[in-house]
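Trainee: Got a minute? I'd like to go through this model with you.
Mentor: Fine. Put it on the screen and ask away.

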Amino acid sequence: MSRTSRILLVALVILAAGCAAGSGAALPDADSGAGRHYAARCGTCHAAPHPRRLAYSAWQALLPLMERRMQERGLDPLTETERSQILAYLRAHAR
Ligand code: HEC
């Protein structure tokens, strides 16, 4: 993805998500395996966003960008299991 389209994507996501709004709600299914993967891997740099903040297609588009952020910070990359659990979790609970 080009730099410009990445910036556009992030701007769109932030607009759609309203950034601070809704971040206080408890995560659904927090005790499930997928919920724990999600909270652990998506709550390191910022609070793990509530899955209802975006449509599943937007989560799919955002995930590679977040994986790049992990790489930039020297965090372990998502394993296949983590990525598929996180996507399943987002698909189940997206708006
Ligand atoms: C390595 C740190 C890091 C991790 C881990 C991380 N993010 Fe992010 N996230 C960021 C940064 C930095 C931004 C700000 C936009 C940018 O620079 O990409 C961001 C922005 C976001 C945004 C848009 C801004 C907002 O708050 O509305 C969402 C949604 C998001 N992240 C979701 C996730 C999800 C889902 C995961 C787990 C797969 C995740 N993030 C894991 C660093 C991280």
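Trainee: Which residues coordinate the iron atom of the ligand?
Mentor: H46 does so through NE2 and M66 through SD, at 2.0 to 2.1 Å. Keep in mind that this is a predicted model.

Trainee: What geometry does the site of the iron atom have?
Mentor: The site is octahedral, with 6 donor atoms and angles of 86 to 180 degrees among them. For six octahedral donors the ideal angles are 90 or 180 degrees.

Trainee: And where do H46 and M66 lie?
Mentor: H46 lies in the loop between helix 2 (33-42) and helix 3 (56-72), while M66 is in helix 3, so the pair ties together parts that are 20 residues apart in sequence.

Trainee: Is H46 buried, exposed or partly exposed, and what about M66?
Mentor: H46 counts as partly exposed, at 39% relative accessibility. M66 also counts as partly exposed, at 25%.

Trainee: Back to helix 3. How does helix 3 pack with helix 4?
Mentor: The angle is about 150 degrees and the axes are 10 Å apart. That makes helix 3 roughly antiparallel to helix 4, because the cut-off for that label is over 145 degrees.

Trainee: Is the crossing left-handed or right-handed?
Mentor: Helix 3 passes helix 4 in a right-handed crossing.

Trainee: Which residues meet there?
Mentor: From helix 3, Y56, W59, Q60, L63 and E67. From helix 4, they meet R83, I86, L87, L90 and R91.

Trainee: What about H93, where is that found?
Mentor: H93 is in helix 4, which covers residues 80-93. H93 counts as buried, at 18% relative accessibility, because the limit for buried is under 20%.

Trainee: What does H93 touch?
Mentor: Leaving out residues up to four places away in sequence, H93 touches P28, D29, P51 and R52.

Trainee: Take D29, then. What is its phi?
Mentor: The phi of D29 is positive, about 50 degrees, although D29 is not a glycine. D29 is found in the loop between helix 1 (3-17) and helix 2, and counts as partly exposed at 48% relative accessibility.

Trainee: Different spot: where is D76?
Mentor: D76 is in the loop between helix 3 and helix 4. D76 is exposed, with a relative accessible area of 60%.

Trainee: Which residues does D76 touch?
Mentor: R41 and M70, not counting residues up to four places away in sequence. D76 and R41 are 35 residues apart along the chain, and their C-alpha atoms are separated by 9.5 Å.

Conventions. Residues numbered from 1 in each chain as written. Predicted model: local features only at pLDDT ≥ 70, side-chain atom pairs only at ≥ 80, totals over all residues. Heavy atoms only, no water. Donors = N, O, S within 2.8 Å, 3.2 Å for Na, K, Ca; no water. Tetrahedral: all angles 85-135°; square planar, octahedral: opposite > 155°, others 65-115°. Helix = DSSP H or I, 4+ residues; strand = E, 2+ residues; numbered from the N terminus. Buried < 20%, exposed > 50% of the residue type's maximum accessible area, 1.4 Å probe, protein only. Contact = heavy atoms within 4.5 Å. Axes fitted to C-alpha atoms, helices over the stretch in contact; angles between N-to-C directions. Parallel < 35°, antiparallel > 145°, perpendicular 65-115°, else oblique. Left-handed = near helix turned anticlockwise from the far one by under 90°.
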